[in-house]
Structure formats: C-alpha cells, structure tokens
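Dear colleague,

Please find below the structure that I am handing over to you. My notes on what was found in it follow directly after.

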Amino acid sequence: SLVKPCGHLVRPVAPTQLPGRYLSHQEGLPNLPVPPLQQTCERYLAALEPIVNEKELSHTKELLAEFQGSGGVGERLQKGLERRAHKTQNWLSDWWLTTAYLDYRMPVVIHSSPGVLHPGTGPCVGLVHSETLPVEYLGGKPLCMNQYYQVLSSCRIPGLKRDTVVNYSRSSRPPTHITVVHNFQFFVLDVYNSDGTPLTVDQLYIQLEKIWNSSLQNNKEPVGILTSNHRNTWGKAYSSLIRDKTNKKSVQSIQTSIFTVCLDAAMPRVSEELYRSRAAVQMLHGGGSRWNSGNRWFDKTLQFIVGEDGSCGVIYEHAPAEGPPIVSLIDHVVEYTKKSEIVRTPMVPLPMPRKLRFNITPEIKKDIDDAKQNMNIMVHDLDVKVIVFSHFGKNVPKAHKMSPDAFIQMGLQLAYYRMYLQCCSTYESASLRMFRLGRTDTIRSCSVDSANFVKAMDDPAKPNVEKVILLEKAVKAHRAYTDMAIRGQAIDRHLLGLKLQAIEDLTSLPEIFMDTSYAVANHYNLSTSQVPAQTDCVMCFGPVVPDGYGVCYNPMAEHINFAVSAFNSCDKTNAARMAQGLESALLDMRSLLESTPKAKL
C-alpha cells in the first residue's frame, strides 16, 4: 500500500522508544533565569510611570526601597526563588500552570480559550507522535518543543477548587481514536485500521458521513455545554455526571481522544462584511445554546471546528500550550490538505463509529439548563470585530526599518490614547521557549517612550520631524523590551514568583503586592497578542478585565488580520470603535513617516 508516513495521526509507540531527538534537544536548553532583584525593581518603576499618578508612584518608590534594602524581605524571597530555580527544570512553569489556568475559576470559554478562524480547509494532523517535529529556532537559538507534545490526547479535568490537565499520549497504549460531535451527539472514531495503518482520506470521509447521517435529529440534551460553565459549578456537575458508569465511560472516551472534531450546524446568514466576525465567535464560543455552544467539549485541549457553511477553525484549551504551537499545527494541516493523496483505500468495510451514551438524570438536566442560560448571557455580552487591514502589512514598517510588531503595538497605544486621553497597562505575550519548559512573560507595550509619542502625535504645536523621532524611539524601546522579555529578563513573572514565594514561605504578603500601583499594573485594559501564521488566519480571545479589550493580530506581508473584543456590559468600551481607531492610527503613522523628510540625526 502507498500510505504516506506523515499521514500519521498518532503512531502508537512504546514509552521506551520516546527519548530520542526530542529529549536530547530538550536537555540542551538553558534553564529560565531569575533576574536580579534590583533590575526588576527599577524596571517596574519605569513601567508604572506612564500609568499611575505621581502620588501613587512616590508611595511605590518608598515601598520598593524598603523591599530591596539589604536584609529586607525582597532579598530573602529572591534567595528562595534562586534555590527553587536550582532544584527545578523551570522555577516558573508549575506555578504558572496552576495560578494562570488550573486555579482560575472563570469559564474557559471567552475568558481563557482562544479561537482560531482559518481559511476553508479540513482537519488532519501529522508528525507529532513520531517525535520527528523539526526543532524551531529563534535568532539561531533552539526553542523548547515541549508544548507540541502536550496538545494531542490531552484534556483538562474539572475539580471542585482546582482543575488538572491529563495527557494520555504518554500511556503504554496511546489513544488511537478521535471524538466527533454533531448535533450535540458524541462519537468515537478510530483513526487506525486493524493493521495499524492510519485511515485514508476516503475512509475518514465515509466514517464522518456515517456519523453525520446517524445524528440528523438534535433532540438530545447538549451534555457538552456543561464544560462552558464556571469551573466550580462544572466541577460539582462533573462529579454527579460521572457517578453513572455509562456517563463515566463516555466522558473518558472524550478525554482520552487525540482531539475532537465538531461538525457544526449552519449559523444564521449575515452580510459578507460581518461574516468573519460571526465566524470568529463561532470558533470562540459557538454562538449560544441555540446554535453550536453545546457542540463542544471545551475542556478538550484541541477541537477542530467545521461549520456547515464551510467556516472552519480551532478552539483550544489554554492550560497546556500557547498560541504559536497551535498555529504551527494549523499551518501544517492547511499545507497537508493541499497535497493530493494517492492512497488505495483498503476494501475492508469499516465498523460503524461508536456513539457515546449519556444517562441524563433530572439533576443533570437542571445543570445543563443552567449552563445554557449562563452561556447565552456570556455570548450576548461579548462583542468581537474581525477586520482585515488591507492598506499595508509588514512591508511598510520594514521599509522604515521598524519592527512590524512594535509598529502595530504603537498603533494600539495611539488608538487607545485617542479614545480615552490616557495610557493604560498593556499586556503583550512574549514567548519564553528559549528556555526549558518556558511559557510566556509580559511585554509591557505602554512605556514612557510610547506615552511621549502618543501625546505628541496629535499636538499641532509639535513639528512632524519631532513626532517621527518620538515614534522611532518608542518602536526601539518596544523592541528592546521584547528582546529583554524573551531572554527571561522581564519583570512580571519575576514579581509573581516573589509573591508566590512569600505565600509558600507562609510569611505575610509584602506591601508592594498590596499597593494600588500593583493593582493598576495588573489591570490590563489592553490584552494583546501577535500570533503570526503562514496561513491567512486570525486568533481571537476575550478581554481579561471587564472594561478592557482583547486584541489579537496576524501580520501578513501586505495586510494585517485583527480581532478586537470587548464586553457589551461595559459602556466605556466598544470593539468597533477600537478597530476603527486602530485603522486610523496605523494609517496616520504611515503618512507621518512618508510625509516627513528624513531628518539628519
């Protein structure tokens, strides 16, 4: 037979075979450093300057002086962190997983799980389980590949106060099935023939068609919607759901599957202009209980979504991985589907995919009804605008020798300042994958330099030459902060580490963490992420504060895909206005650069 090896969804491998290229590569990665205490304190003050008032700033200066003084609390906590770094592969990763995700009790939908909308193509995954993924590099340095191995065959499991994430690909018999959900009904689809070869495209198609045809009535209770609830509520409902043996087995089949494929019902028709925004929210939350929100298992790490109208994308549970590995996976899928397969389909008829059964007690029915109601409230409260900024892409900033990411971030700072006449705490995620088991740190895009630029931009008294100089300075400062962050020298995870160290030592919490400035610094009115992809996709996520925005973007050579989200319940924010403001800001920055003769500096 002509089976192409890269068509493997999962190659069932005995655990003894696993340590290969992947592990030897991981061993060579450096450990995440603990930055010097004084450096973090200085940089923290600099980050506060544009976002807090003078009184708050001087109060924080006093607290920091005391905190980092010799023999002070800071020094003791710093030593504790350094000891922790010495003993572990990564002093941050376990702490981050629990504080950022597993202890977080808001629903994963909107508040945590990103959705990805991508051009019309179907699902299929390769390379990961044969441990032959090519190692990625950044600036010549190898990156940690661990997250790729956490994405498949894994699932979040709800708890009463804290969740867990379980990965089944490392078990002695790795899963060989995916789950498919259609009209709220779940099916187990084995993706291997009895001889161990993966199903061909034809075979998968036949199996999906069988699933589709046997689930045309959607008179079933959408059990999946339970996963969209507040985590404590879902934790309670989960324990009553799995008391029943049939339910427990069905849930386990979903949890252990390689990934889930959601075959969605068509959404209500909208104009061409609104289509992308509507398709994006379908990836993010499914559109509410009347549409596809029950056609999910939101705890599943990876779910491919294929809508009846041809929209497709992915939603992933954020605990095990960041956006870039997910997007690389999507890029691979899209590339793979472009190849035509010449595979002879075996003549053996395939068994009917097994439908998962659920016994719905009155108690569970009530839990489902509550979850539907909560979901619909969340769906109505979220406003998402997807825009394709078609005027230029990475080409313009590059022509002016500026980092495209820094340029876009300055556009965001300008748009926000024009709307509110003040600067705000801004989060941009930076990858720490240069280090073993590295996750993210924060690039604080709002700086003294960005504030100087945005305040000058619309000031008629300032000459354009000066504005250009301020823009260049702001872009350089952003670039410098980014470089610092990816080298493990940013401030946010270090401060969090010091705080968690104090909690672990059971000492009283240092005053710097109870200070107004710390609260302001961590209230991100702009939560942003650049998720570049080979394919023309865009990722979207909800705001992280009630009065904030979530902004995700994928800069292509000649255009930029943006997704901007805000809550309708906040009368201060408006996703459409922010998206418009962002367009204007970027265009104004370009015309500033193009209309100003190069100053002789």
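**Around P175 and H177**

P175 sits in the loop that connects strand 5 (164-167) with strand 6 (177-182). Please bear in mind throughout that this is a predicted model. With a relative accessible area of 8%, P175 is buried. Its C-alpha atom is separated by 9.7 Å from that of V191, a residue 16 places away along the chain.

H177 belongs to strand 6. Since buried means under 20% relative accessible area, H177 also counts as buried, at 12%. A polar atom of the H177 side chain lies 2.8 Å from the backbone oxygen of S253. Neighbours within four places in sequence aside, the contacts of H177 are V188, L189, D190, V191, S253, T256, S257 and I258.

**The eight-stranded sheet**

Strand 6 is part of an open sheet of eight strands, whose order is 11-7-6-8-9-10-1-16 and whose pairing is mixed. The edges are formed by strand 11 (354-355) and strand 16 (538-540); each has a single partner strand, so one side of each is left without a neighbour in the sheet. Within the sheet, strand 9 (residues 302-307) and strand 10 (residues 312-316) run antiparallel and are joined by five bridges. In one of these, V306 is paired with C312 of strand 10.

Two helices that pack on the sheet should be mentioned here. Helix 7 (residues 201-213) touches strand 6, strand 7 (185-190) and strand 8 (260-264), and its direction makes about 155° with that of strand 7. Helix 11 (residues 323-338) touches strand 1, strand 9, strand 10 and strand 16, and its direction makes about 150° with that of strand 10.

**Nonpolar cores**

The largest nonpolar core contains 91 residues, of which F453, L471, Y549 and F562 touch the most other members. Helix 14 (residues 404-420) contributes the largest share of this core, with 10 residues. Beyond its neighbours within four places in sequence, F453 is in contact with M410, L414, K467, L470, L471, A474 and M589. There is also a second, separate core of 44 residues, which includes I110, A279, L284 and I368.

**Two residues with positive phi**

I110, a member of that second core, has a positive phi of about 70° although it is not a glycine. I110 is located in the loop between helix 5 (93-102) and strand 1 (115-118), and it counts as buried at 2% relative accessibility.

L437 is likewise not a glycine and has a positive phi, near 60°. This residue lies in the loop between strand 13 (426-431) and strand 14 (440-444). At 25% relative accessibility, L437 counts as partly exposed.

**Annotated positions**

The unreviewed UniProt entry places the feature "binding site" at K394, K398, A399, H400, K401, M402, S403, P404, D405, S431, R479 and Q530. How do K401 and Q530, two of these positions, appear in the model? K401 is in the loop between helix 13 (395-399) and helix 14, and it is exposed, with a relative accessible area of 80%. Q530 is in strand 15 (residues 526-530) and is partly exposed, at 25%. Not counting residues up to four places away in sequence, Q530 touches D405, E428, Y553 and P555; D405 is itself among the positions that the UniProt entry lists.

With kind regards

Notes:
Residues are numbered from 1 along each chain as its sequence is written. Side-chain values use heavy atoms; hydrogens and water are left out. A nonpolar core is a set of buried Ala, Val, Leu, Ile, Met, Phe, Trp, Tyr and Cys residues joined through side-chain atoms within 4.5 Å. Buried means under 20% relative accessible area, exposed over 50%, partly exposed in between (1.4 Å probe, protein chains only). Helices (H or I, at least four residues) and strands (E, at least two) are DSSP runs, numbered from the N terminus. Contact means heavy atoms within 4.5 Å. Two strands pair if DSSP finds at least two bridges between them. Axes are lines fitted to C-alpha atoms, for helices over the stretch in contact, and angles run from 0 to 180 degrees between N-to-C directions. A polar contact is a pair of N or O atoms within 3.5 Å; within protein, one must be able to donate a hydrogen and the other to accept it, and residues adjacent in sequence count only if both atoms are side-chain atoms. UniProt positions are given in the numbering used here, feature names are shortened, and annotations may be inferred rather than shown by experiment.
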